[in-house]
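Please look over the sequence and the structure shown here before reading on. The turns below take up one topic at a time, and each answer sets out its reasons before it ends on what was asked.

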Amino acid sequence: MHKYFDKTERELIVRFFSSIGFISTFLMSCIAFINSEYFLFVTLFGSSLIYIWAFNVYKEVEKSANAILYNLYGLMLYLVVTGGAEGTGPIWIFIVSPVTYSIRGLKRGTSDIFIFLLAIMLGFYCADMFNIYEYKPAQFPYRIVFSFIIVALLTGFYEQSREKYSNKIIALSQRNERLATIDPLTELPNRRHAMHKLSEFKKEHAYKGIPFVLLLADVDNFKKINDKYGHNFGDEALIHLANIFKKNIPQNAVASRWGGEEFLIAIPNVSVTEGVNVADKIHDSLKKAAVSLRTNTVNLTISIGVVQSEENRSIDLDIKHADQQLYKAKEQGKNRTCSA
């Protein structure tokens with residue numbers, strides 16, 4: 001099935017084509033029955049039943065899509081070989097290209113259409129060779145094949161343009177999503193994304209009894225670092241700190257840039273003691289790894305406030321309590337962790 005559609009869109013597409021397929025084949029089978037073309041009636045009516053089946057299994061998208069396409073190809077081949085109603089059967093093959101590209105996409109659709117074209121040419125040959133149906137004028141099959149090739153090329157060109165445009169839209173959407181959730185400097189989640197994750201953690205705390213710990217960290221003397229070494233060094237310091245966080249927090253934790261030189265880390269399903277242990281690991285890593293840019297080298301220090309979430313307390317209040325512990329760490333001389 002076409003890669004640019006999500007599951008719901010794919011289901012809608014197969015339901016649409018199976019519905020159209022059923023209605024058209026059922027109506028044509030009724031006309032064939034009225035005209036006493038019983039073999040054509042049986043073929044068309046059987047085809048309509050396959051479309052009904054494809055409609056009913058629409059949630060199994062690939063199975064439904066294959067049923068729609070292969071039923072269509074088989075019916076078209078039958079109409080070419082037998083001539084359909086008074087030799088008009090081959091005219092229906094022009095619906096194959098748009099349906100195939102809509103379901104298969106460009107690459108797979110092109111290969112399917114190429115195989116279908118070979119089958120149609122073989123069908124015209126068999127109709128003439130075995131005297132199944134005589135097309136008049138004799139050039140009719142050639143004109144149908146040539147016209148089908150032109151329509152297929154035009155449809156393929158349209159599909160290529162549409163896929164190219166879709167790629168641009170997807171890339172732009174991903175870029176906008178990244179800008180909306182990721183801090184461009186540190187490549188950590190931003191405040192907005194962090195709040196979303198905190199809401200999820202809070203729900204798990206409320207419904208499953210899984211608490212989480214908050215670590216609110218602030219770089220010590222960051223303004224002095226910026227003033228002395230410049231903003232480029234300050235940016236490098238924040239990137240360095242973000243990398244330290246990534247290396248020292250648990251896999252299920254979320255470290256985010258909360259604002260300026262302030263960072264928030266949320267760790268689910270741990271105690272305050274375990275949160276303090278993570279903070280100690282961060283302090284140790286900063287002590288061992290200095291920030292370097294050109295000739296300047298500085299060992300960053302940070303102050304951290306650690307608190308346990310409470311089920312009946314709002315996220316804002318949890319953060320406020322973490323901020324109070326951070327303030328206490330600053331008051332006690334910085335480069336330390338305070339917890340509650």
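What follows is a set of questions and answers on cores, a surface patch, salt bridges, helices and backbone angles.

Q: What kind of model is this, and what pLDDT do local features need?
A: This is a predicted model, in which side-chain atom pairs count only at pLDDT 80 or more, totals for chains, interfaces and linings use all residues, and local features need pLDDT of at least 70. Residues are numbered from 1 along each chain as its sequence is written, and side-chain values use heavy atoms, with hydrogens and water left out.

Q: Which element gives the largest share of the largest nonpolar core?
A: A nonpolar core is a set of buried Ala, Val, Leu, Ile, Met, Phe, Trp, Tyr and Cys residues joined through side-chain atoms within 4.5 Å, where buried means under 20% relative accessible area, exposed means over 50%, and partly exposed lies in between (1.4 Å probe, protein chains only). The largest such core has 38 residues, of which M76, I93, I103, F116 and F148 touch the most other members. The elements that give two or more residues to this core are α1 (7-34), α2 (38-56), α3 (61-82), α4 (96-104), α5 (106-129) and α6 (140-181), helices (H or I, at least four residues) and strands (E, at least two) being DSSP runs numbered from the N terminus. The largest share of this core, 12 residues, comes from α3.

Q: How far apart in space are L44 and L79, C-alpha to C-alpha?
A: L44 has its place in helix α2, and it counts as buried because its relative accessible area is 3%. In sequence L44 and L79 are 35 residues apart, while in space their C-alpha atoms are separated by 10.0 Å.

Q: Which element gives the most to the nonpolar patch on the surface?
A: Patches are made of residues with over 30% relative accessible area and no salt bridge, like charges being joined within 9 Å and nonpolar side chains (Val, Leu, Ile, Met, Phe, Trp, Tyr) within 5 Å. Here I23, F26, L27, F45 and L49 form a nonpolar patch, with about 440 Å² of accessible area together, as found by the Shrake-Rupley method with a 1.4 Å probe, where for residues only the protein chains shown count as cover. One of these residues, L27, counts as partly exposed because its relative accessibility is 49%. With three residues, the element that gives the most to the patch is α1.

Q: Which residue forms a salt bridge with R104?
A: A salt bridge is a side-chain nitrogen of Lys or Arg within 4 Å of a carboxyl oxygen of Asp or Glu, and a search of the whole structure finds 11 of them. R104 is buried, and its partner is buried as well. With the closest N and O atoms 2.9 Å apart, that partner is D112.

Q: In which helix do E200 and K197 both lie?
A: E200 and K197 form a salt bridge, in which the closest N and O atoms are 3.2 Å apart. E200 is partly exposed, with a relative accessible area of 33%, and K197 is also partly exposed, at 22%. Three residues apart, about one turn of the helix, both lie in α7 (residues 191-208).

Q: Within what arc do the buried residues of α11 fall?
A: The buried residues of α11 are I315, D318, I319, A322, Q325, L326 and A329. The face turned away from this buried side carries the exposed residues D316, K320, Y327 and E331. The arc is that of the directions from the helix axis to the C-beta atoms. Seen down the axis, the buried residues line one face of the helix because they fall within an arc of 115°.

Q: What is the phi of N269?
A: Most residues other than glycine have a negative phi, and most peptide bonds are trans. N269 lies in the loop between β3 (262-268) and α10 (272-288), and it is exposed, with a relative accessible area of 54%. Although N269 is not a glycine, its phi is positive, at about 60°.

Q: What is the omega of the peptide bond from K136 to P137?
A: P137 has its place in the loop between α5 and α6. The peptide bond from K136 to P137 is cis, with omega near -5°.
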